[in-house]
Amino acid sequence: MPGVDIFGRAAVVRPVGEIDTAPSLSRALAHALTFVTTSRADRVVADRSRVTFCDSSGLNALIAARLRAIESGATIHLANPAPQLQRVLQITGVAALFPREDPAWPSAATALQQAPRLAGKHPNGR
């Protein structure tokens with residue numbers, strides 16, 4: 001299950017690979033929504049930059065999470081959706097339900113590369 005990172009007021013979920021079964025995505029989005037209900041975040045952002053495929057079950061997971069988010073007074077945003085996902089959203093007519101968000105946070109790879117420098121430590125602890 002992808003973890004949840006908090007950046008400002010956004011609870012960010014970063015699924016990886018093919019989303020052709022929804023349970024792990026659903027759990028990650030539900031976990032992210034707990035940050036909204038505890039007022040640590042005002043929106044959930046699904047960073048889709050590392051998703052290579054999303055079928056109808058992944059789309060259903062997003063729509064179900066959106067309905068839960070609305071009940072919590074929040075929204076589900078998408079960041080970096082791949083062209084395949086953008087096409088699925090357009091074809092199904094749900095693209096307008098998911099606002100796009102240009103992330104103000106580093107990508108997962110960049111964050112991992114910069115973490116040792118930001119902390120002033122060598123990656124090996126020296």
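Q: Which residues are exposed on the other side of helix 2?
A: In this predicted model, Ser56 and Glu71 are exposed on that other side of helix 2, and a residue earns the word exposed when its relative accessible area is over 50%.

Q: Which residues of helix 2 are called buried?
A: Gly58, Leu59, Ala61, Leu62, Ala65 and Ala69 are the buried residues of helix 2, the word buried being kept for a relative accessible area under 20%.

Q: What puts these buried residues on the same side of helix 2?
A: Around the axis they cover an arc of only 155°, which means that they lie on the same side of helix 2. In general, an α-helix has 3.6 residues a turn, so residues three or four places apart point the same way.

Q: How do you know that the span of helix 2 agrees with its number of residues?
A: Helix 2 holds 16 residues, 56-71, and at 1.5 Å a residue these should span 22 Å; because the C-alpha atoms at its ends are 23 Å apart, the two values agree. Just after helix 2 comes Gly73, which takes a positive phi of about 80°.

Q: Where do the helices and strands of the protein chain stand in its order of elements?
A: From the N terminus on, the order is β-β-β-α-β-β-α-β-α-α, which is made up of four helices and six strands. Of the 126 residues of the protein chain, 37% count as buried.

Q: What makes strand 1 and strand 6 edges of the sheet?
A: The open sheet has four strands in the order 1-2-4-6, and its pairing is mixed. Strand 1 (4-7) and strand 6 (75-79) each have a single partner strand, so one side of each is left without a neighbour in the sheet. Direction ignored, neighbouring strands of this sheet are turned by 30° against each other on average.

Q: Why do strand 1 and strand 2 count as joined?
A: A pair of strands needs at least two bridges, and four bridges join strand 1 to strand 2 (residues 10-13), the two running antiparallel; by that definition, therefore, the two strands pair. Among the partners, Ile6 has Ala11 in strand 2, while Phe7 has Ala10 in strand 2. The hairpin of strand 1 and strand 2 has two residues between the strands, and Gly8 takes a positive phi near 65° there.

Q: Why is the meeting of the side chains of Arg43 and Asp42 called a salt bridge?
A: The cut-off is 4 Å between a side-chain nitrogen of Lys or Arg and a carboxyl oxygen of Asp or Glu; for Arg43 and Asp42 the N to O distance is 2.8 Å, so the pair satisfies the rule. Asp42 itself is partly exposed, with a relative accessible area of 36%.

Q: How do you know that the side chains of Arg43 and Glu101 meet in a salt bridge?
A: Their N to O distance is 2.9 Å, which the cut-off of 4 Å allows. This pair links distant parts of the chain, for Arg43 is in strand 4 (residues 43-47) and Glu101 is in the loop between helix 3 (83-92) and helix 4 (108-119), 58 residues apart. By this rule the count comes to two salt bridges, and Asp42, Arg43 and Glu101 are linked in a network of them.

Q: Why is Glu101 called buried?
A: Its relative accessible area is 10%, and because buried means under 20%, the word applies to Glu101.

Q: What joins the side chains of Glu101 and His77?
A: A polar contact of 3.2 Å joins them, a distance that falls within the cut-off of 3.5 Å for such a contact.

Terms used: Residues are numbered from 1 along each chain as its sequence is written. This is a predicted model: local features need pLDDT of at least 70, side-chain atom pairs count only at pLDDT 80 or more; totals for chains, interfaces and linings use all residues. Side-chain values use heavy atoms; hydrogens and water are left out. Axes are lines fitted to C-alpha atoms, for helices over the stretch in contact, and angles run from 0 to 180 degrees between N-to-C directions. The expected span of a helix is 1.5 Å times one less than its number of residues. Buried means under 20% relative accessible area, exposed over 50%, partly exposed in between (1.4 Å probe, protein chains only). The arc is that of the directions from the helix axis to the C-beta atoms. A polar contact is a pair of N or O atoms within 3.5 Å; within protein, one must be able to donate a hydrogen and the other to accept it, and residues adjacent in sequence count only if both atoms are side-chain atoms.
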